[in-house]
Amino acid sequence: MIKYKMGIMGGTFDPIHIGHLILAEEAKNHFGLDKIIFIPTGKPPHKHWDNVADSVHRYEMTLIATIDNPDFIVSSIEIDREGTTYTIDTIKYLINQYNNTEFYFITGADSIVEIFKWKDTEKLLSLCNFITAKRAIVSDNKLEKTILDIEKRLGTTIDILPIPYIDISSTNIRQRIKRGKSIKYYVQDGVREYILKNKLYID
């Protein structure tokens, strides 16, 4: 039986930007994925929680950014979960919710080189395929060494998505807002309007 192929875009999305959307669309097309599910993190284990925008805002911005693409869906499963949220728990939940589905977790190279710090890395990589995109902040050599290490230690292959560097980050966008600079074309217009309306990232 042919499996349904679903991509997973997990992230803080603080805010979601054009780079996230390009990455998701390119992964969908290159790997023949049926849908991409965007999952804003609840309380991420690797970030300083006090510096992250409220989950409602991050969820709403993700909805706004993806609403015009019928192949993109948004889930609140992590922000609805109490306590620290871990990717392994989300993957297990999705496996129970979707029958006959193969999952592909889409992320940047900066996350892949930290993969052994994630909870239950070995189990996670056995349950879900991983797709990564190169980022300027991670050297090709470091990424390749990490992928080889993963293959050697766990027998798991990480697929590299062949797209150019997308040098846009949520951190940079927040800094631009604080400095009063334009973020037009960094995020979708609806997201930019939402940020301005709710006065996010000013303080």
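This passage describes a sheet, the helices that lie across it, and one further helix with a buried side. The model is a predicted one.

Six strands build an open sheet. Their order is 3-2-1-4-5-6, and they pair in parallel. Strand 3 (72-74) and strand 6 (158-160) occupy the edges. Each has a single partner strand, so one side of each is left without a neighbour in the sheet. On average, neighbouring strands are turned by 30 degrees against each other, direction ignored.

Within this sheet, strand 4 (residues 101-108) runs parallel to strand 5 (residues 129-133). Five bridges join these two strands. In one bridge, Gly108 is partnered by Ala133 of strand 5.

Helices lie across the strands. Helix 3 (residues 87-97) lies across strand 1 (4-11), strand 2 (35-40) and strand 4. Helix 3 runs at about 155 degrees to strand 4. Helix 6 (residues 140-154) lies across strand 5 and strand 6. The angle between helix 6 and strand 6 is about 150 degrees.

Helix 7 spans residues 170-178. Its residues Ser170, Ile173, Arg176 and Ile177 are buried. These residues cover an arc of only 120 degrees around the axis, which puts them on the same side of helix 7. An α-helix has 3.6 residues a turn, so residues three or four places apart point the same way. The buried residues of helix 7 are covered by elements including helix 1 (18-31) and helix 8 (189-197). Just after helix 7 comes Gly180, with a positive phi of about 75 degrees.

Key: Residues are numbered from 1 along each chain as its sequence is written. This is a predicted model: local features need pLDDT of at least 70, side-chain atom pairs count only at pLDDT 80 or more; totals for chains, interfaces and linings use all residues. Side-chain values use heavy atoms; hydrogens and water are left out. Buried means under 20% relative accessible area, exposed over 50%, partly exposed in between (1.4 Å probe, protein chains only). Helices (H or I, at least four residues) and strands (E, at least two) are DSSP runs, numbered from the N terminus. The arc is that of the directions from the helix axis to the C-beta atoms. Contact means heavy atoms within 4.5 Å. Two strands pair if DSSP finds at least two bridges between them. Axes are lines fitted to C-alpha atoms, for helices over the stretch in contact, and angles run from 0 to 180 degrees between N-to-C directions.
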